[in-house]
Amino acid sequence: MAVISAANPKGGAGKSTSTLILATYLAHEAGASVCVIDADPNQPITDWRQNGRSESTIEVLGGAREDTIMNMIDDAASRHQFVFVDLEGTASLLVTRAMAFSDLVLVPMQASAVDGRQAARAVEAVRREEKMMQRSNPDRRLPYKVLLTRTCAIGAPVPSSQRRLEAELAKAGVDRFKNAFVERQAFKAIFEERLALHEMEGLKVGNLEAAQQNAAIVCAELVGIVSALAAETAA
């Protein structure tokens with residue numbers, strides 16, 4: 001099993017969207033058992049599940065609190081291959097406890113200077129939590145990866161702002177996904193239609209095939225990262 005928390009203090013960074021795309025893709029395309037713990041105060045994924053018509057097999061759990069989040073993660077991890085935790089934006093005890101129980105912290109962010117500064121706060125929070133855990137276990141690590149979202153389409157000219165941001169992340173030694181979630185109408189439609197990508201055939205949601213291919217690439221990279229971390233832990 002793998003516990004993956006998504007954290008970013010800035011709203012609109014693509015945190016909930018990235019979580020839901022990855023979770024539903026893994027469940028449908030890979031046949032994985034997946035749970036999403038919706039710890040965002042706005043409960044976007046809970047709303048998607050309760051008020052939508054998706055037949056995705058993912059389990060969605062809401063109502064996470066500081067005093068329940070650890071037990072929720074433990075219970076979900078005992079029943080599922082993948083557990084995603086969509087965290088609230090502000091720093092809190094709930095966030096740090098969820099991070100401490102995670103195998104990987106995902107930091108989605110748009111390719112802009114403003115988002116970069118906010119994402120840097122999330123990365124620092126991960127690094128602080130790692131230091132706290134190392135007080136009791138010097139070998140304990142808390143891996144993280146920045147995931148760029150709403151980038152330009154593959155093959156299109158990359159804006160100078162994105163190139164600068166990527167250079168700054170590399171200079172700062174920030175780990176990030178090689179792939180990114182492109183700006184796609186279909187990704188926005190997930191919450192509008194309350195459906196998974198594979199359930200939107202026939203709807204006017206832009207280039208659905210390209211969105212599905214994009215999801216497949218990012219998901220494959222995520223699985224590779226998680227598998228490598230598991231092998232490293234077992235070694």
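**Chatting through the cores and helix packing**

Modeller: Leaving aside neighbours within four places in sequence, Val83 touches Ala2, Val3, Ile4, Cys35, Ile37, Ala76 and Ala77. Keep in mind that this is a predicted model.

Biologist: Okay, which strand is Val83 found in?

Modeller: Strand E4.

Biologist: And is Val83 buried or exposed?

Modeller: Buried. Its relative accessibility is 0%, and the cut-off for buried is under 20%, so Val83 counts as buried.

Biologist: How far apart are the C-alpha atoms of Val83 and Lys188?

Modeller: They're separated by 23 Å, with the two positions 105 residues apart along the chain.

Biologist: Let's talk cores. How many residues are in the largest nonpolar core?

Modeller: That one has 39 residues, and the ones with the most contacts inside it are Val34, Ile58, Phe84, Leu197 and Met200.

Biologist: Which elements give two or more residues to this core?

Modeller: On the strand side, E1 (2-6), E2 (34-38), E4 (82-86) and E5 (104-110). The helices are H1 (15-29), H2 (44-50), H7 (185-193) and H8 (208-234).

Biologist: Which of them gives the largest share?

Modeller: H8, with nine residues.

Biologist: So where does Val83 go?

Modeller: Into a second, separate core of 35 residues, which also includes Cys35, Ala77 and Leu148.

Biologist: Back to Leu197. What is it in contact with, leaving aside neighbours within four places in sequence?

Modeller: Ile21, Ala186, Phe187, Ile190, Leu208, Ala211, Gln212 and Ala215.

Biologist: Now the helices. How do H1 and H7 cross?

Modeller: At roughly 90°, with their axes coming within 10 Å. That makes H1 roughly perpendicular to H7.

Biologist: Which residues meet there?

Modeller: From H1 you've got Ser16, Thr17, Leu20 and Ile21, and they meet Phe187, Ile190 and Phe191 in H7.

Biologist: And at what angle do H1 and H8 pack?

Modeller: About 85°, with the axes 10 Å apart. H1 and H8 are therefore roughly perpendicular to each other. H1 makes that contact through Ile21, Leu22, Tyr25 and Leu26. On H8, the partners are Gln212, Ala215, Ala216, Val218, Cys219, Leu222 and Val223.

Biologist: Speaking of cysteines, how many disulfides are there?

Modeller: The count comes to zero. Take Cys219: the nearest cysteine sulfur is that of Cys35, 16 Å away. A disulfide needs the two sulfur atoms within 2.5 Å, so Cys219 is in no disulfide.

Biologist: Is Cys219 buried or exposed?

Modeller: Buried, with a relative accessible area of 3%. Cys152, on the other hand, counts as partly exposed at 24% relative accessibility.

Biologist: One more helix pair. How do H3 and H4 pack?

Modeller: H3 (residues 69-79) and H4 (residues 93-100) pack at an angle of about 30°, and their axes are 9 Å apart. Angles under 35 degrees count as roughly parallel, so that's what H3 and H4 are. H3 passes H4 in a right-handed crossing.

Biologist: What makes the contact?

Modeller: Ile69, Met70 and Ile73 on the H3 side, with Leu94, Arg97 and Ala98 on H4.

Biologist: Last topic, Lys145. Which strand does it lie in?

Modeller: E6, which covers residues 144-151. Again leaving aside neighbours within four places in sequence, Lys145 is in contact with Leu104, Val105, Leu106, Val107, Asp175, Arg176, Phe177 and Ile225.

Biologist: And how far is the C-alpha of Lys145 from that of Gln213?

Modeller: 21 Å, for two residues 68 apart along the chain.

Conventions. Residues are numbered from 1 along each chain as its sequence is written. This is a predicted model: local features need pLDDT of at least 70, side-chain atom pairs count only at pLDDT 80 or more; totals for chains, interfaces and linings use all residues. Side-chain values use heavy atoms; hydrogens and water are left out. A nonpolar core is a set of buried Ala, Val, Leu, Ile, Met, Phe, Trp, Tyr and Cys residues joined through side-chain atoms within 4.5 Å. Buried means under 20% relative accessible area, exposed over 50%, partly exposed in between (1.4 Å probe, protein chains only). Helices (H or I, at least four residues) and strands (E, at least two) are DSSP runs, numbered from the N terminus. Contact means heavy atoms within 4.5 Å. Axes are lines fitted to C-alpha atoms, for helices over the stretch in contact, and angles run from 0 to 180 degrees between N-to-C directions. Angles under 35 degrees count as roughly parallel, over 145 as roughly antiparallel, 65 to 115 as roughly perpendicular and the rest as oblique. A crossing is left-handed if the near helix is turned anticlockwise from the far one by less than a right angle, and right-handed if clockwise.
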